[in-house]
Amino acid sequence: MHRTSRPTPSTARRVPSQQRSQDRLARIASAAGELCAELGADAVTMEAIAVRAETSIGSLYQFYPNRDALLHAVAERYAADLFALLDAAVDVPDVRAVPLEALVDAVLEPFVAFHRTHPGYFPILFAPQGSGALRSVRGELRERLARRADRLFEARAPELPAAKRRRLALTAVEAARALMQYIEVSVPRGGRRALRDELRAMLVAYLAPWLGERREIAD
């Protein structure tokens, strides 16, 4: 098993310009994500990733100096893919007019679709023994999601004080992330839909007093 205590760089050794090399990096990222979903990030080795990606171990070290650097690069790729998906999602024309249940669904569905195609997202970004570089990516991701939720809440209820909106956004993002992680990592596939419905119901009940049809004003 290959382990190293060397510092993890923030990027790969080099960024390839040729399509063939870019395709190889995509295969490596896919292989790493699949293996981390199956085994856990701490159990995955460079050798196993090379075998799954059908490439040589030398190719991995051509791009990444160590396993932590590879997983960090995959985490950054995942974050970029997630926000590209969110940016491409259809915006609700008038967030003040739609029922809160429909608004919550519109926010959650892109995440559900994302996790189906990125099985390593939670095992890599939220690994208990993740590197400092991974924790940095995770922190930036959380903050960007919270800011996105804050902007949505402001459009929905502009009368809410900014501090209250921020608390609502942080709580909703972190609660949704924690339960979504449990669903995607620990629940058999057949039971996930029912728990996602519970997640939706929880978010609607939590947000309804301030973002529902009958809204309150809070400090």
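What follows is a working chat about the cavity and the salt bridges in this predicted model.

Q: How many cavities of 30 Å³ or more does the count come to?
A: In this predicted model, the count comes to one cavity of 30 Å³ or more, and the largest cavity has a volume of about 30 Å³.

Q: OK, and which residues line the largest cavity?
A: The lining is made up of Tyr121, Phe126, Leu141, Arg142, Leu145, Val173, Glu174 and Arg177, and the elements that contribute two or more residues to it are helix H7 (132–156) and helix H8 (162–186).

Q: How many of the lining residues are nonpolar, polar or charged?
A: Sorted by class, the lining of the largest cavity holds five nonpolar and three charged residues, with no polar ones.

Q: Switching to charges, then: how many salt bridges are there?
A: The count comes to 16 salt bridges. One of them pairs arginine 148 with aspartate 87, whose closest N and O atoms are 2.8 Å apart.

Q: Where do arginine 148 and aspartate 87 lie?
A: Arginine 148 is in helix H7 and aspartate 87 is in helix H4 (residues 67–88), so the salt bridge ties together parts that are 61 residues apart in sequence.

Q: And is aspartate 87 buried or exposed?
A: Aspartate 87 is exposed, with a relative accessible area of 55%, whereas arginine 148, at 26%, is partly exposed.

Q: What does the side chain of arginine 200 meet in a salt bridge?
A: Arginine 200 meets the side chain of aspartate 105 in a salt bridge, at 2.7 Å from N to O. That pair links distant parts of the chain, with aspartate 105 in helix H5 (residues 100–117) and arginine 200 in helix H9 (residues 189–211), 95 residues apart.

Q: Does arginine 200 count as buried or exposed, and why?
A: Arginine 200 has a relative accessibility of 16%, and because buried means under 20%, arginine 200 counts as buried. Its partner aspartate 105 is partly exposed, with a relative accessible area of 31%.

Q: Which aspartate in helix H9 lies three residues from arginine 200?
A: That is aspartate 197, which sits in helix H9 about one turn of the helix from arginine 200. The two form a salt bridge with their closest N and O atoms 3.0 Å apart, and aspartate 197 is partly exposed, with a relative accessible area of 40%.

Q: Which residues do salt bridges with shared partners join into one network?
A: Asp105, Glu109, Asp197 and Arg200 are joined into one network by salt bridges that share partners.

Technical notes
Residues are numbered from 1 along each chain as its sequence is written. This is a predicted model: local features need pLDDT of at least 70, side-chain atom pairs count only at pLDDT 80 or more; totals for chains, interfaces and linings use all residues. Side-chain values use heavy atoms; hydrogens and water are left out. On a 1 Å grid over the protein atoms alone, a cavity is a set of points where a 1.4 Å probe fits but cannot get out, and a pocket is an open set with protein on both sides within 12 Å along at least five of seven lines; lining residues have an atom within 4 Å of a point. Grid points are joined across faces, edges and corners, and a volume is the space filled by probe spheres set on the points. Helices (H or I, at least four residues) and strands (E, at least two) are DSSP runs, numbered from the N terminus. Ala, Val, Leu, Ile, Met, Phe, Trp, Tyr, Cys and Pro count as nonpolar, Asp, Glu, Lys and Arg as charged, and the others, Gly among them, as polar. A salt bridge is a side-chain nitrogen of Lys or Arg within 4 Å of a carboxyl oxygen of Asp or Glu. Buried means under 20% relative accessible area, exposed over 50%, partly exposed in between (1.4 Å probe, protein chains only).
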